[in-house]
Amino acid sequence: MSEFSIKVGFLRLFAVAALVLLLRPAHGQLTVEITGAGANRIPVAIADFGGDPASSRIVTSVIRADLERSGLFRMVDTSGVAMTEATAPVFTDWKNRGADALAAGSIGASDGGREEARFRLFDVTKQSVLGGSAFVTSKATLRAAGHRIADIIYEKLTGEPGVFSTRVAYVVRAGAARYELHIADADGQNAQVALISREPIISPSWSPDGSRLAYVSFENKKPVVYVHSLASGRRVVVANFKGSNSAPAWSPDGRRLAVVLSKDGGSQIFLVNADGSGAQRLTTDNAINTEPNFSPDGQHVYFTSDRGGSPQIYRMSVSGGDVQRVSFEGTYNVSPRISPDGRSMAFISRRDGGFRLSVMDLASRQVQVLTDSNKDESPTFSPNGRMVLIATEMGGRGVLSAVSLDGRIKQRLSIPAGDVREPAWGPFNR
Amino acid sequence: MKRVVIPAALALLVAACSSTPEGGDQSGAPVESRAGGPSVATVTTGGVDGGRLPAVLTDPKSILSKRSVYFDYDSYEVKAEYKDLVTAHAKFLTENRQFRMLIQGNTDERGSREYNLALGQKRADAIKKMMALLGAREDQLEAVSLGEEKPKNEGHGEAAWAENRRGDMLYSGEF
């Protein structure tokens with residue numbers, strides 16, 4: 001049973017059980033629609049899990065939905081099959097059903113009255129075991145266990161980590177004077193409200209450890225930057241200088257934030273410590289300088305400036321020097337976000353009058369426009385770098401759209417009759 | 001315009017007070033907790049109350065009741081037609097040193113929210129600079145931006161956009 005050696009402790013959940021009483025579930029849940037899929041989807045069979053039927057159904061459906069939504073897998077029919085991780089698969093049957101890979105598992109009792117979700121993943125062609133795990137879980141965390149299992153299957157079959165266990169933050173405009181900051185699972189489920197305000201909330205940004213969000217709130221009739229600890233709801237003002245305070249971006253080590261302050265006139269990029277102390281100015285010219293974003297190695301800050309006459313993307317060293325222009329095509333290139341591997345930059349480019357998600361390969365400076373929409377905004381990379389989540393507009397309503405870096409896979413995330421904007425994809429759930 | 005009496009320091013205090021999570025009515029809420037990730041507590045931001053202004057600032061017959069300067073597309077130049085308006089407000093501030101003014105810059109909805117915030121700041125800064133040249137003191141003035149976040153006209157055509165490319169001048173008690 002060596003493949004069961006990865007035992008991830010879900011015990012931490014029980015430690016935070018008391019906080020559940022503070023949580024407020026969101027009324028509108030995000031629904032996810034797949035609007036484009038990869039060219040060569042891997043055929044995978046996920047057999048119905050054994051054990052308690054209600055629990056098993058939840059885990060099985062989460063795994064299937066996650067893999068299907070990624071656009072990289074095609075679900076193979078498993079009807080009429082009853083098996084668990086302990087059953088030896090009849091590989092020729094699965095080959096006839098067209099599956100390249102097969103997962104089977106069960107929900108069973110674990111020590112101390114808890115439940116355990118176990119699974120095993122098989123390579124049908126090689127007739128071998130690819131991996132498996134057991135997770136301590138509970139009725140309340142079955143979906144999370146399903147996401148964990150889907151992450152492992154995804155990683156074993158694609159070679160890159162899955163993001164099904166990650167979370168996204170976004171802002172819902174729920175009325176003329178009601179703005180809500182939501183945190184939901186990557187599949188749009190389990191949405192919780194972190195902040196309710198009568199005034200706008202923009203530019204949420206996850207701390208690298210996923211425990212805090214920096215954002216801009218207008219609750220004091222001007223933009224002020226806060227850092228909000230999600231578990232406790234404790235908020236710290238990190239920038240409330242005279243004038244406007246905006247565009248927070250975390251340094252990769254989580255110790256500092258780049259922010260935009262107008263206290264000295266104009267909009268200038270500063271570094272501040274995460275508690276708001278030690279503001280240090282990085283840009284010195286009189287042009288607009290905004291939308292800072294760190295390179296993953298923490299050595300550079302990408303940003304938007306109109307210093308050349310039109311808004312374009314530039315890069316400077318983290319000490320403020322060595323400024324280089326990065327974008328050249330067109331007259332409006334904004335909102336730079338660097339991929340986790342540091343090789344690509346997602347940004348918004350105005351093309352034919354529309355604002356469209358584009359990606360630049362930073363080594364070759366080659367640009368690819370990924371959408372044909374008119375109002376793309378606020379790109380944010382998935383932590384594995386495969387997808388970019390953006391805000392866009394559909395039928396006059398704000399929706400979120402996830403687009404793969406090659407532009408093939410597209411998902412739309414929306415709230416029925418709701419206006420969703422300002423997405424921020426959280427880090428890996430460690 | 002919603003009225004609030006709330007200098008910046010007090011506003012911060014309100015924000016600080018409001019950061020107590022509302023937990024009282026949440027017992028038994030059907031929230032599914034996340035594996036490995038922290039749970040999320042809900043915070044509601046504070047509301048604020050109104051105040052009173054002298055009639056000269058609110059009487060529709062007084063030029064001082066007019067508070068908006070409109071801008072051309074992608075421009076932050078205060079046009080000649082607004083010179084008298086800005087001059088009148090600068091004079092009021094010069095003669096009433098106890099008053100403070102918040103200048104809010106706004107933009108239309110096109111483009112990046114954060115870039116628009118910076119554009120709105122340029123507009124607010126332009127009005128502030130003119131006000132200061134005409135005698136208002138630096139400590140009476142604050143220029144901020146609302147970017148595209150608080151459109152006066154929520155429409156999507158040029159008429160709506162023109163209304164939203166704007167700087168608003170608010171006095172203590174109005175912001």
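## Chain B at a glance

Starting at the N terminus, chain B alternates as α-β-α-β-α-β-α-β-α-β, giving five helices and five strands. Here helices (H or I, at least four residues) and strands (E, at least two) are DSSP runs, numbered from the N terminus. Chain B has 175 residues, and 42% of them count as buried; that term is used when 20 or more other C-beta atoms, placed from the backbone, lie within 10 Å of a residue's own.

This is a predicted model, where local features need pLDDT of at least 70 and side-chain atom pairs count only at pLDDT 80 or more, while totals for chains, interfaces and linings use all residues. Residues are numbered from 1 along each chain as its sequence is written, with chains lettered from A and ligands numbered from 1 in the order in which they are written.

## A sheet in chain A

Now look at chain A, where four antiparallel strands form an open sheet in the order E12-E13-E14-E15. Its edge strands, each pairing on one side only, are E12 (201-206) and E15 (235-239) of chain A. Strands pair if DSSP finds at least two bridges between them; E14 (residues 224-229) and E15 of chain A have four bridges. In this model, A:Val225 sits opposite A:Ala239 of E15(A).

## Nonpolar cores

A nonpolar core is a set of buried Ala, Val, Leu, Ile, Met, Phe, Trp, Tyr and Cys residues joined through C-beta atoms within 7 Å. The largest one has 121 residues, and A:Ala214 is among those with the most contacts inside it. Helix H4 (residues 142-158) of chain A gives the largest share of this core, nine residues. A second, separate core has 23 residues, including B:Phe71 and B:Leu170.

How values were computed:
A residue is buried if 20 or more other C-beta atoms lie within 10 Å of its own, exposed if 12 or fewer, and partly exposed in between; C-beta atoms are placed from the backbone.
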